[in-house]
Amino acid sequence: MKNAHILVVEDEQDIRDLISFQLKSEVHLVTAAESADKAVSVIERGDKIDLFIIDWMLPGSMNGLEFTKKLRAQKVYQETPVIMITALTQPENIVAGLDAGADDYITKPFDMNVLQARVRVQLRNFGSAPKTPEDLLTFGILSIQVSKCRVFVENEEITLTSTEFKILLLLAQKPGHVFTREQFINNIQGENIFVTGRTIDTHIAGLRKKLGSASNIIETIRGIGYRFKDVI
Ligand code: CA
């Protein structure tokens, strides 16, 4: 695997040094910045970043949330994984971070092994050939034939409603990404489909029931949303 270039934006020096040290030990290239302003200058000098780890509360002209929004507004960083670190543990704060464009979040204090595991998930497809959308997605005993809208668990086909299929596909195409209810609604709402936050929960419950022994691949994050675990 090619080394990923990770930009760590964190104003607390101890945490910044610890994260940098740990990730360098996994042979990643790590650049550290103590503010979003410094991070912007790293990007502006032309370094291509493969993953961002961004603390929410930062000194200077932009906090981590604003920096994430700024990244998402740039074409080159629309899809680059962002893990947000936050001391704000209320679901509404975390939802705001995810809605700003973060893929995942970690609350302080955190275990370095957890951070490393989350980084690995986010870099799952890093270094592989540029992606053409895959038609067959396989996760252990679960497989999804995207173009045919067919889903198999332990080689047995299961029948999903179109909304359940859309939810499953959204999750499966971005393992490790935490989706808020709002993001499900935005992605799924369409012709003849009207969904609310509560109906998302109902659809997920129905979907899990049908997934049977593969149901634990969808992780509930209380008060926040859902994440595809990638490992069954
Ligand atoms: Ca901070």
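Q: What makes a stretch of this predicted model count as a helix or a strand?
A: A helix is a DSSP run of at least four residues, and a strand is a run of at least two. By that reckoning, the protein has eight helices and 12 strands.

Q: How do you know whether the protein is as compact as a globular protein of its length?
A: Set two values side by side. The radius of gyration is 18 Å, and the globule rule gives 17 Å for 232 residues; those are close, so the protein is as compact as a globular protein of that length. Its C-alpha atoms fill a box of roughly 50 × 35 × 30 Å along the principal axes.

Q: What share of the residues is buried?
A: Buried means under 20% relative accessible area, and 48% of the 232 residues are in that group.

Q: What makes Asp11, Asp55 and Met57 donors of the calcium ion?
A: For calcium, a donor is an N, O or S atom within 3.2 Å. The OD atoms of Asp11 and Asp55 and the O of Met57 lie 2.1 to 2.3 Å from the ion, so they qualify. Along the chain, the donors follow the spacing D-x43-D-x1-M.

Q: Why can you say that Asp11 and Asp55 tie together separate parts of the chain?
A: Asp11 lies in the loop between strand S1 and helix H1, while Asp55 is in strand S3, so the pair links parts that are 44 residues apart in sequence.

Q: Why are Asp11 and Asp55 put in the classes they have, buried or exposed or in between?
A: Partly exposed runs between the 20% and 50% cut-offs. Asp11 has 31% relative accessibility, so it counts as partly exposed. Asp55 has a relative accessible area of 2%, so it is buried.

Q: How do you know whether Met62 is buried or exposed, and what is it in contact with?
A: Met62 sits in the loop between S3 and helix H3. Its relative accessibility is 14%, which is under 20%, so it counts as buried. Leaving aside neighbours within four places in sequence, Met62 is in contact with Ala36, Asp37, Val40, Phe67 and Lys70. Ser35 is 27 residues away along the chain, yet the C-alpha atoms of Met62 and Ser35 are separated by 8.0 Å.

Q: Why is Thr80 called buried, and where is it?
A: Thr80 is in the loop between H3 and strand S4. Its relative accessible area is 8%, so it falls under the 20% cut-off for buried. Its contacts beyond four places in sequence include Lys48, Phe52, Arg72 and Asp103.

Q: Which residues of helix H7 are buried, and what covers them?
A: The buried ones are Gln183, Phe184, Ile185 and Ile188. Among the elements covering them are helices H4, H6 and H8, along with strands S10 and S12.

Q: What makes the bond between Lys108 and Pro109 stand out?
A: A cis peptide bond joins Lys108 and Pro109, with omega at about -5°. Pro109 is in the loop between strand S5 and helix H5.

Q: What can be said about the backbone at Glu154 and Asn155?
A: Glu154 has a positive phi of about 50° although it is not a glycine. Asn155, not a glycine either, has a positive phi of about 70°. Glu154 is in the loop between strands S8 and S9, and Asn155 lies in the loop between S8 and S9 too.

Q: Why is Asn155 put in its class, buried or exposed?
A: Its relative accessible area is 74%, and exposed means over 50%, so Asn155 is exposed.

Notes
Residues are numbered from 1 along each chain as its sequence is written. This is a predicted model: local features need pLDDT of at least 70, side-chain atom pairs count only at pLDDT 80 or more; totals for chains, interfaces and linings use all residues. Side-chain values use heavy atoms; hydrogens and water are left out. The radius of gyration is taken over C-alpha atoms; the globule rule is 2.2 Å times the number of residues to the power 0.38. Buried means under 20% relative accessible area, exposed over 50%, partly exposed in between (1.4 Å probe, protein chains only). Donors are N, O and S atoms within 2.8 Å of the metal (3.2 Å for Na, K and Ca); water is not among the atoms, so sites may look incomplete. Contact means heavy atoms within 4.5 Å.
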